[in-house]
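This report looks at how side chains pack in one protein model, going through its nonpolar cores, its aromatic rings, its cysteines and two individual residues.

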Amino acid sequence: MSFANVLYKSFYWRAIQTGSSFALNILLARLLQSAGSAEFYSLLYWSGLVASFFTFGLDIGLNYFVTRGQVTLSAAHRIILGVTTLAVAAGIGLVFALRSWIPHTGLSLGAIVFFMLCQTAGTLLTTLAGTVFTAMGRNHEPVKLAVYANAGMILLVVADFHFFAGGHAFQQLFIGYGLVSLFQGVLVLGLMNRLPVVPPARKAGAASTIELLRFCFFSFVVNFLFFVGARIGIYLLPYNISPAAAGNYIQVYKLIEYLGLGTAFLYFPFVTLAAADDGHGSREKVLLLVRLSNTVVLIVCGMGAALGHFLFPAVFGRSYGAMYPVFLAFIPGIFALCSSSFFTAWFFGAGHIQYNLISALVQLVTALSLFFVFAPQWGIRGAALAYSAGAVASFVYDAARFKRFCPFRLREMLLITPADLQLLRNFCAKLLKTSGGSNR
């Protein structure tokens with residue numbers, strides 16, 4: 001399948017997924033309000049941290065080696081099952097050992113364990129199996145299931161709060177959310193059996209287990225550092241401020257995640273492209289995507305800065321009145337995060353993982369150190385400023401390193417040009433002509 005068709009299907013289904021996920025988030029925010037949503041999402045992000053750890057970098061490693069025809073689908077299937085089994089087994093002891101660190105949610109320990117295990121297993125299966133789909137040029141198929149899962153969760157949440165009340169409804173929400181996540185992951189893994197048995201060979205030679213593990217280890221360290229560095233405020237704020245304030249911060253962060261999904265539309269397909277073609281063309285695409293990202297972020301953040309003071313409480317509820325100043329503090333980080341994603345993807349695909357490792361360390365160290373400087377002084381706004389500082393520092397490093405492979409001027413990273421617009425129009429016209437009804 002051509003790269004153009006991959007992008008077309010990715011955009012089509014990711015757009016629907018983003019819309020359904022955002023609708024679910026608004027529903028939860030209004031029902032739980034800022035304090036309740038902070039407790040819910042804190043536990044959700046903790047489970048995400050566990051899942052991120054147990055990926056072991058396979059989300060990048062499998063994409064890289066399956067794309068190159070050096071890992072078979074049957075081997076990938078066994079690896080995914082083995083890693084997920086290990087994560088579930090280790091997760092039981094982990095939850096019991098760290099239960100005092102888990103933010104208070106009013107849930108029983110059994111409910112927390114059940115949720116964490118379902119969510120961790122579901123996330124791992126969806127992420128790792130979805131990576132194989134991406135390597136095969138079919139990354140839209142797992143996204144379809146995510147759309148159906150979001151629709152199912154919306155119905156479940158409405159029914160939950162209609163038939164139950166108080167803490168019982170809260171506990172049922174966690175149980176239902178975890179089950180849906182697990183069911184989604186199992187379905188994605190099952191759909192892998194429908195893929196072609198042998199992926200298209202790109203480069204000769206099967207990857208040895210040692211080679212795969214070595215590549216994945218560095219990818220794991222990089223991704224985990226990026227993951228933790230971006231969520232420092234999520235993990236530390238609940239222990240220092242009220243749940244209501246944490247809920248406002250988390251809700252702004254979730255808006256950034258939704259905006260970041262725009263780069264995720266292209267992230268893994270672009271890793272695949274760079275792995276298959278480490279040439280000048282892929283490098284030029286990085287600069288084009290950075291300019292496009294900056295333009296979109298400028299429009300979105302401009303609208304948020306102009307309307308957010310009134311819009312955020314109107315959409316999420318009156319308990320989210322503190323979102324606006326936090327959003328303003330996040331704006332520099334939003335630009336850096338979205339643009340830097342394309343440098344990260346190119347470095348991964350081209351095999352320059354060491355640069356991503358340093359970039360992740362720059363982000364983590366900067367964000368963590370400044371969190372303890374800014375957060376005590378300015379609260380959730382200070383935490384957002386620390387995040388932005390870390391993201392900007394990481395972006396500056398990425399741009400400087402990328403310049404060694406593709407010399408460019410600063411203005412080539414700013415905003416889209418008339419020539420870019422014409423190129424994008426031609427590209428979209430080609431997509432519509434060649435894709436036809438293939439989006440389904």
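## Side-chain packing in a predicted model

F115 and F174 are both buried. The model they belong to is predicted, and every value below is computed from its atoms. F115 and F174 form an edge-to-face aromatic pair, with 5.0 Å from centre to centre and 80° between the planes. Because F115 lies in helix α4 (residues 109-135) and F174 in helix α6 (residues 166-191), the pair ties together parts of the chain that are 59 residues apart in sequence.

In total, the structure holds 27 aromatic pairs. Another of these joins F53 and F224, whose ring centres are 5.7 Å apart and whose planes meet at 75°; an angle over 60 degrees counts as edge-to-face, so the pair falls in that class. The F53–F224 pair links distant parts of the chain, since F53 belongs to helix α1 and F224 to helix α7 (residues 209-230), with their positions 171 residues apart in sequence. F53 is partly exposed, with a relative accessible area of 35%.

The two pairs described above are set side by side here.

| Aromatic pair | Centre to centre | Angle between planes |
|---|---|---|
| F115 and F174 | 5.0 Å | 80° |
| F53 and F224 | 5.7 Å | 75° |

Ring pairs also link F343, W346, F347, Y355, F395, F402 and F405 into a cluster. A ring can face a charge as well: the charged end of R231 sits over the ring of F227, at 3.8 Å from the ring centre.

The largest nonpolar core comprises 97 residues, and the members that touch the most others in it are F40, I80, Y249, F330 and I334. Helix α1, which spans residues 3-54, supplies the largest share of this core, with 16 residues. When neighbours within four places in sequence are left aside, F40 is in contact with L28, L32, F170, L173, F174 and Y177. Apart from the core of 97 residues lies another of 19 residues, whose members include V286, F343, A399 and M413.

How many disulfides does the structure contain by the distance rule? The count is 0. For C301, the closest cysteine sulfur is that of C338, at 8.0 Å, and because a disulfide requires sulfur atoms within 2.5 Å, this separation is too far for a bond. C301 is buried, with a relative accessible area of 4%, and C118 likewise counts as buried, at 7% relative accessibility.

C118 also appears among the contacts of L182, a residue of helix α6. Not counting residues up to four places away in sequence, L182 touches C118, A121 and G122. L182 and A121 are 61 residues apart in sequence, while their C-alpha atoms are 6.2 Å apart in space. L182 itself is partly exposed, with a relative accessible area of 26%.

S388, in helix α12 (residues 353-402), is by contrast buried, at 3% relative accessibility. The side chain of S388 reaches the backbone oxygen of F330 at 3.4 Å, and F330 is one of the residues that touch the most other members of the largest nonpolar core. Beyond its neighbours within four places in sequence, S388 is in contact with A329, F330, I331, P332 and G333.

Conventions. Residues are numbered from 1 along each chain as its sequence is written. This is a predicted model: local features need pLDDT of at least 70, side-chain atom pairs count only at pLDDT 80 or more; totals for chains, interfaces and linings use all residues. Side-chain values use heavy atoms; hydrogens and water are left out. A nonpolar core is a set of buried Ala, Val, Leu, Ile, Met, Phe, Trp, Tyr and Cys residues joined through side-chain atoms within 4.5 Å. Buried means under 20% relative accessible area, exposed over 50%, partly exposed in between (1.4 Å probe, protein chains only). Helices (H or I, at least four residues) and strands (E, at least two) are DSSP runs, numbered from the N terminus. Contact means heavy atoms within 4.5 Å. Rings of Phe, Tyr and Trp (its six-membered ring) pair if their centres lie within 6.5 Å; planes under 30 degrees apart count as stacked, over 60 as edge-to-face and the rest as tilted. A charge sits over a ring if NZ of Lys or CZ of Arg is within 6 Å of the ring centre and within 35 degrees of the ring normal. A polar contact is a pair of N or O atoms within 3.5 Å; within protein, one must be able to donate a hydrogen and the other to accept it, and residues adjacent in sequence count only if both atoms are side-chain atoms.
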